[in-house]
Amino acid sequence: MAIFSKLFSKIRGGSTSPSDWAEIEEALIAADLGAKSAAEIIEIAKKSKGDEIDSAITQSLSSWLSAKDRTLASNSDRTTTVMIVGVNGTGKTTSTAKLVSYLKMQNKSVLLAAADTFRAAAVEQLQTWGDRLGVEVITGPANGDPASVAFDAATKAKLDSTNYLIIDTAGRLHTKSDLMDELGKVRRVVEKVLPIDEVLLVVDATTGQNGIVQAKVFMESVAITGLILTKMDGSAKGGIALAIERETGTPIKFLGTGEGADDLAPFDAEGYLNGLFH
Amino acid sequence: MFESLSAKFQGAFASLRSKGRLKSDDIDEIALEIRAALLDSDVALSVVDSFIGELKSRTASVLDDLNKSTNPANAVFEIVNSLLTEILGGSARRIRLAKKPPTVILLTGLQGAGKTSLAGKLAKYLKDQGNTPLLVASDLQRPNAVTQLQVVGESIGVPVFAPEPGNGVGDPVKVAKNGLSFAQDKLHNIVIVDTAGRLGVDAELMAQAKKIRDAINPDEVLYVVDAMVGQDAVRTAQAFQEGVGFDAVVLTKLDGDARGGAALSITQVTGKPIMFAATGEKVSDFDLFHPDRMASRILGLGDIQTLAEQAKGAFDSDTAAKLETKFASGEDFTLDDFLSQLEAMKKMGSMTKLLGMLPGANSGAMKKQLEQFDEGELVKTQSIVQSMTPLERHDPKVLNGSRRSRIAKGSGRQVSDVNSLVERFTQAQKVMKQMRTGKGGIAMPPGLPNMPNLPKSPSAQLVNKKKSRSGNPAKRALES
């Protein structure tokens with residue numbers, strides 16, 4: 001896996017000059033890996049010989065990847081419940097639709113819970129997807145309690161023995177403690193009916209260093225189990241997700257690559273790492 | 001949330017000072033601290049490097065003054081801050097209204113930046129100023145983007161031109177064009193056109209955006225960008241600049257704790273001003289952009305000035321009276337006072353409705369600023385102070401290692417948290433002393449890091465001359 005081969009062919013076979021190191025460090029920073037981490041990697045790489053620098057760096061980055069399971073949770077004997085969470089505008093509802101499409105292709109039955117009761121027309125947006133994909137959407141009154149929508153949906157999913165329940169929630173900034181508490185409540189209320197198998201944090205590929213604290217706070221409030229890294233079809237390549245994996249051990253499970261229901265790809269480490277340094 | 005960059009400076013300068021006279025090389029060490037802080041704030045690498053270059057030359061030219069100064073760290077800090085503020089606010093201007101109405105405003109940006117929410121906020125803002133805006137639903141791509149705009153429009157009493165249902169149906173160029181005609185027909189003096197989010201790398205959609213633009217010839221094209229965006233900020237902004245062109249920028253989601261370095265990157269690289277700041281999900285969470293506040297945010301100091309505004313009116317008359325008495329008697333400001341001020345601030349967070357009833361407070365702005373306040377930080381500080389004995393609260397000088405360790409354990413925090421609190425409190429005490437003696441004009445709620453660059457509050461000079469109306473020094477300083 002020669003990540004830097006495109007950029008740093010001059011490194012091989014010769015001594016690496018300070019400006020070469022600066023260039024490598026810049027590439028790491030430009031990928032949103034963070035200045036501190038970039039410096040760390042350079043230190044490690046400097047201890048390697050010329051033609052091994054590339055693999056030293058690759059190895060460092062790979063070591064940051066979570067060792068956890070990257071497949072979507074599944075149960076054969078009961079409903080698998082997935083919560084979709086994240087800050088505003090990351091693509092939670094669109095990702096929910098993509099998961100539906102993904103699961104339907106595997107012949108799984110899916111029920112949706114429109115637990116974003118706050119944002120204007122959020123429920124309608126999910127209902128549009130429900131109509132397009134042929135799945136039912138459980139809703140509640142506007143500005144109502146999201147936990148009760150989730151509860152109703154969980155009750156129905158259990159009753160109908162639906163394979164998957166996906167709960168779409170409102171975007172919320174991690175700095176809003178009351179909203180984070182609300183999310184925790186949604187989780188607890190659902191767990192009265194069904195266990196929560198997966199809490200996926202949706203992260204926008206363009207996100208900078210703030211992504212780390214986002215993940216940490218969501219981890220604390222609602223115990224995230226995986227990431228969906230969205231908008232990977234843009235110029236940003238989601239380097240912050242690697243930093244999140246390192247800091248929290250949360251694995252990227254899916255990549256969002258467009259606005260369509262089929263624009264979802266399972267995570268591939270090599271492709272992802274290579275893409276960071278284009 | 002409030003890292004002490006100035007403390008890092010103090011540290012760096014302390015070690016430099018011991019070497020004797022400062023040379024321009026010594027500034028390089030400081031520059032490294034600043035570089036790290038800016039990168040942590042997501043300022044684009046290229047922009048950081050050019051900023052540091054400019055900073056070094058400015059600092060080098062005042063090296064003599066720095067060597068004479070009693071607090072060179074603060075002086076350099078001020079140079080950094082004013083340079084930042086200059087770049088952020090240099091091209092600042094108000095929204096341009098067309099000589100011949102309607103004024104056409106086109107919103108563009110990546111998916112999820114907050115364009116549709118912003119459309120509502122901008123419409124309300126302009127409506128409150130006596131205009132007759134029309135919202136045009138030209139995002140025909142994202143499911144129910146049209147519905148969303150209609151719901152928002154209804155909530156603020158602004159009509160929405162939405163001939164197409166969207167969801168993939170309809171031609172956005174046509175809708176925009178017809179929206180303009182409709183506005184002219186119905187004599188709306190402002191047209192705000194919402195468009196679909198699109199990637200800078202999507203040539204087809206960028207071409208479409210250009211077409212929309214050409215069809216309506218906007219007076220202002222606003223590029224809407226999320227404050228948490230990282231190193232990609234420049235690349236994407238340039239793509240939009242080249243693809244559709246924009247006149248000004250709107251920064252959204254500033255109610256989070258993202259430092260917002262993208263603001264610096266985008267203004268520096270495109271030369272376009274940041275016109276507005278969106279600070280929440282409510283339609284009223286909208287403000288003019290304040291470059292000085294953004295500067296302190298990027299430097300990791302939070303939005304001190306906004307918090308200072310918050311402090312005005314945050315204290316109930318009881319607490320205020322108690323502090324007044326304390327001040328009059330010359331008693332020292334203690335950790336207990338500090339705690340009660342924090343508690344007052346915490347109360348602010350959950351009493352947004354009552355705030356509207358506080359006299360003299362710009363409650364609209366305050367409500368929004370409150371949500372910016374990180375309640376977690378507050379709770380943390382409270383728990384530490386509550387684990388202290390009355391003696392420790394009264395006289396923090398007794399806080400040796402074993403006491404700090406006990407306090408950390410008792411409150412479930414780290415010793416470093418205790419240290420950081422004591423440092424902040426000590427600074428707060430200094431501020432209080434300064435306020436009492438009329439020296440210094442740094443008007444901010446104690447408990448927050450000392451910021452040397454805030455404009456001197458004129459009323460600080462009046463403290464000795466006039467009888468103060470409030471026991472809260474921050475409030476007093478703001479009363480004028």
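This tour visits the contact between chain A and chain B, then some aromatic pairs. The model is predicted.

**The interface**

Start by selecting the residues where the two chains touch: 38 from chain A and 37 from chain B. Together the chains bury about 3,300 Å², with 55% of that area on carbon and sulfur atoms. Next, pick Thr175(A), Ser235(A) and Glu259(A). No other three residues supply more of the area chain A buries against chain B; their share is 16%.

Now show Lys176(A) and Asp255(B). They form a salt bridge, and their closest N and O atoms are 2.7 Å apart. The rule finds 1 salt bridge across this interface. Polar contacts between chain A and chain B come to 20 residue pairs.

Stay on the chain A side and colour helices H1 (18-30), H5 (122-133) and H8 (210-222). Each gives two or more residues to the side that touches chain B. H5(A) gives the largest share, 5 residues. By class, this side of chain A has 11 nonpolar, 17 polar and 10 charged residues.

**The aromatic pairs**

The whole structure holds 8 aromatic pairs over all chains. Select Tyr102(A) and Phe254(A). Their ring centres are 5.2 Å apart and their planes lie at 75°, so the pair is edge-to-face. Tyr102(A) sits in helix H4 (residues 92-105) and Phe254(A) in strand E7 (residues 252-256), 152 residues apart. Tyr102(A) is partly exposed at 27% relative accessible area, whereas Phe254(A) is buried at 2%.

Move to chain B and select Phe276(B) and Phe286(B). This pair is tilted, 4.7 Å centre to centre with 35° between the planes. Both residues are buried. Add Tyr125(B): ring pairs link Tyr125(B), Phe276(B) and Phe286(B) into a cluster.

Definitions and conventions. Residues are numbered from 1 along each chain as its sequence is written. Chains are lettered from A and ligands numbered from 1 in the order in which they are written. This is a predicted model: local features need pLDDT of at least 70, side-chain atom pairs count only at pLDDT 80 or more; totals for chains, interfaces and linings use all residues. Side-chain values use heavy atoms; hydrogens and water are left out. Contact means heavy atoms within 4.5 Å. Buried area is the accessible area (1.4 Å probe) that two parts lose on being put together, summed over both. A salt bridge is a side-chain nitrogen of Lys or Arg within 4 Å of a carboxyl oxygen of Asp or Glu. A polar contact is a pair of N or O atoms within 3.5 Å; within protein, one must be able to donate a hydrogen and the other to accept it, and residues adjacent in sequence count only if both atoms are side-chain atoms. Helices (H or I, at least four residues) and strands (E, at least two) are DSSP runs, numbered from the N terminus. Ala, Val, Leu, Ile, Met, Phe, Trp, Tyr, Cys and Pro count as nonpolar, Asp, Glu, Lys and Arg as charged, and the others, Gly among them, as polar. Rings of Phe, Tyr and Trp (its six-membered ring) pair if their centres lie within 6.5 Å; planes under 30 degrees apart count as stacked, over 60 as edge-to-face and the rest as tilted. Buried means under 20% relative accessible area, exposed over 50%, partly exposed in between (1.4 Å probe, protein chains only).
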